[in-house]
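Me: I'm new to this one and would like to go through it slowly. Could you show me the structure, and then let me ask how you arrive at each label?

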Amino acid sequence: MWVLAGLTAAALFVKRRLGRGGSGRPAAGGAAVLLLATFGVAIAQTIVLAALAVFARDLGVSTTGATWLLTAFMLASAVATPVAGRLGDLFGHRRVIVTGLALLLAGSLVAAVSTQGDSYAGVVAGRVLQGLSGGVFPCAFGLARQSVPAERLGGVVAGLSAMFGVGGALGMVVAGPLVDVTAPAALFWLVAVIALLALAGMARVPFAAASPVPAGRVDLMGATLLAGALAALLLAISQGRAWGWTSPGIIALFAAAAVFAAAFGLAERRVAAPLVDLRLLIGPRLLPTNIATLVVAVGMFAAVTLLPLFVQTPTALGYGFGYSPARTGLLMTPIAVCMLLAAPLSARIARSLGARAAFQAGAVLAAITLGGLGLLYEHIAEVLLWCACLGLAYGLAFASLGGLVVGAVSQEQTGAATGINTILRTVGGALGSVLAAVIVASSATAPGRPPTESGYSTAFVVAGAIALCAAAVTAARGAVTARTEPRSQSVS
């Protein structure tokens with residue numbers, strides 16, 4: 001429970017700092033609760049990563065099956081995030097946050113009980129419920145904007161933004177030691193405790209001042225079509241080898257994904273308040289950045305999915321290190337630490353050379369690092385070095401995306417554009433985790449046999465090539481911008 005102790009100390013520090021200024025408004029306690037709520041959602045996303053091999057063994061599923069414990073969360077979150085944002089606008093952000101935390105608690109309880117009962121379907125269902133809490137993030141920003149005094153809003157927003165990275169990083173690190181000391185179900189009990197504390201805190205957060213309720217309704221049709229497209233695509237990718245890439249089932253799934261995607265595009269063009277504004281998704285100024293976001297997220301989550309599985313591979317197979325979950329968590333520590341250190345470095349690069357330069361530096365470093373992981377991994381010291389470089393690379397890349405998005409849209413479009421970019425990160429992460437598992441599983445010499453060393457090498461190199469594509473996309477955008485726009489107006 002050292003994570004809870006550390007988070008509590010951090011929250012008290014933030015509360016004390018925010019409490020200075022004497023506005024008399026009860027924003028400090030509310031800010032601390034919002035930080036706790038977003039932390040719970042962020043840590044829930046990555047809490048299973050270091051223990052995927054343990055879940056695969058205990059639940060009796062393959063490597064690909066185990067990665068669905070990560071993919072299911074991100075798939076649900078990708079759909080829930082824009083829906084929750086709209087619901088918050090219509091009915092109040094506090095109500096949606098409470099609902100999201102309740103879903104996080106319920107999903108954690110379902111996953112914990114199902115893990116103890118060795119029910120794979122139950123654990124996946126619990127992860128889906130947890131993923132639906134992803135809508136806490138946009139509503140936390142909305143509630144902060146309504147209730148926090150202007151002089152403190154910048155600090156609260158920065159803290160909420162940091163919680164996404166802090167929670168995700170701690171989720172990767174804490175899972176291994178916790179599983180070794182207790183059992184896999186403890187991961188979900190931990191998230192349940194955090195959700196319960198956040199819910200108790202939200203009971204003390206006052207409702208924001210009444211504001212006019214915007215007209216319109218939630219685009220449930222768009223949410224359904226988006227969920228159908230993503231689910232069909234991910235299922236086709238994950239089951240392609242098992243069913244046969246040319247089998248009727250896989251062809252039907254790919255066709256269904258295409259039909260759902262086309263229908264989603266048509267529906268969003270006809271809805272007054274669409275789930276996703278297609279002008280911001282595929283508009284000429286944001287399209288390269290959105291593509292780069294999706295691509296770099298695929299590469300990153302492919303990498304962080306592969307690493308725990310690789311280092312936990314028994315040495316009897318001729319590769320891997322036979323690490324326990326606890327040692328795996330410690331191995332992931334350089335990624336978490338360097339991601340946090342990269343955020344201020346990315347801001348400094350962006351101020352000097354532009355946000356695009358910071359993103360490209362991160363993407364190129366990620367490509368080099370992942371290529372190195374695919375070729376040089378004989379000694380654990382090499383893996384540790386690559387982990388540190390990977391954390392630095394993706395810290396630079398993700399920290400710079402906000403600047404790229406904001407620099408490409410007008411002020412009134414900022415919220416919608418950043419929301420779409422967040423969805424693309426989540427979708428890319430889901431695709432990356434499944435893609436990595438499929439490449440590794442495809443190297444097995446026979447069904448039920450463990451993957452070969454070449455499967456991991458290939459997967460790391462492919463992830464590196466994907467990261468390099470993200471750098472190329474932004475470089476192409478920069479070249480077009482330089483030719484078509486005055487220098488003073490070009491997007492950094």
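Reply: Sure, and let's start with a term: a cavity is a set of grid points where a 1.4 Å probe fits but cannot get out. Keep in mind that the model is predicted.

Me: How many cavities of 30 Å³ or more does the structure hold?

Reply: The structure has one of that size. The volume of this largest cavity is about 40 Å³. Helix 4, helix 10 and helix 17 are the elements that each give two or more residues to its lining.

Me: Which residues line the largest cavity, and which helix gives the most to that lining?

Reply: The lining is made up of Met74, Leu75, Ala78, Leu230, Leu234, Thr426, Val427, Ala430 and Leu431. Helix 17 gives the most, with four residues.

Me: What makes a lining residue polar or nonpolar here, and how does the lining of the largest cavity divide?

Reply: Ala, Val, Leu and Met are among the residues that count as nonpolar, whereas Thr is not on that list or on the charged one, so Thr goes with the polar residues. The lining of the largest cavity comes out as eight nonpolar, one polar and no charged.

Me: And what makes a pocket something other than a cavity?

Reply: A pocket is an open set of points, while in a cavity the probe cannot get out. The second largest pocket holds about 660 Å³ of space. Of the 29 residues lining that pocket, Ser62, Thr63, Thr64, Arg449 and Pro451 are the closest to its centre.

Me: Which helices supply at least two residues each to the lining of the second largest pocket?

Reply: They are helix 3 (52-59), helix 4 (63-91), helix 10 (220-243) and helix 17 (414-442). Helix 10 has the largest share, with five residues. By class, this lining has 18 nonpolar, nine polar and two charged residues.

Me: Let's step back to the whole chain. How many helices and strands are there?

Reply: The protein chain has 18 helices and zero strands. Its length is 492 residues, and 53% of them count as buried. The chain exposes about 20300 Å², with carbon and sulfur atoms supplying 68% of that area.

Me: Why is proline 325 called buried?

Reply: The cut-off for buried is under 20% relative accessible area. Proline 325 has 9% relative accessibility, so it counts as buried. This proline lies in helix 14 (residues 325-353). Leaving out residues up to four places away in sequence, proline 325 touches Ala50, Val54, Gly176, Pro177, Val179, Asp180 and Gln312. Proline 325 and valine 54 are 271 residues apart along the chain, yet their C-alpha atoms are separated by 7.8 Å.

Me: Why does glutamate 268 count as buried?

Reply: The same cut-off of under 20% applies. Glutamate 268 has 4% relative accessibility, so it counts as buried. Its place is in helix 11 (residues 248-270). Setting aside neighbours within four places in sequence, glutamate 268 is in contact with Asp219, Gly222, Pro274, Leu275, Val276 and Leu278. Its C-alpha is 6.6 Å from that of glycine 222, which is 46 residues away along the chain.

Me: Why is aspartate 118 called partly exposed?

Reply: Partly exposed runs between the buried cut-off of under 20% and the exposed cut-off of over 50%. Aspartate 118 has a relative accessible area of 48%, so it is partly exposed. You'll find aspartate 118 in the loop between helix 5 (93-116) and helix 6.

Me: What stands out about the phi of aspartate 118?

Reply: Most residues other than glycine have a negative phi. Aspartate 118 is not a glycine, but its phi is positive, at about 55°.

Me: How do you know that the span of helix 6 agrees with what is expected?

Reply: The expected span is 1.5 Å times one less than the number of residues. Helix 6 (residues 120-131) has twelve residues and should therefore span 16 Å, and its end C-alpha atoms are 16 Å apart, so the two agree. Buried residues in helix 6 include Gly122, Val123 and Arg127.

Me: What makes helix 13 largely enclosed?

Reply: Of its 25 residues, 22 are buried, so helix 13 is largely enclosed by the rest of the structure. Helix 13 (residues 287-311) reaches 37 Å from its first C-alpha to its last, close to the 36 Å expected.

Note on methods
Residues are numbered from 1 along each chain as its sequence is written. This is a predicted model: local features need pLDDT of at least 70, side-chain atom pairs count only at pLDDT 80 or more; totals for chains, interfaces and linings use all residues. Side-chain values use heavy atoms; hydrogens and water are left out. Buried means under 20% relative accessible area, exposed over 50%, partly exposed in between (1.4 Å probe, protein chains only). On a 1 Å grid over the protein atoms alone, a cavity is a set of points where a 1.4 Å probe fits but cannot get out, and a pocket is an open set with protein on both sides within 12 Å along at least five of seven lines; lining residues have an atom within 4 Å of a point. Grid points are joined across faces, edges and corners, and a volume is the space filled by probe spheres set on the points. Accessible areas come from the Shrake-Rupley method with a 1.4 Å probe; for residues, only the protein chains shown count as cover. Contact means heavy atoms within 4.5 Å.
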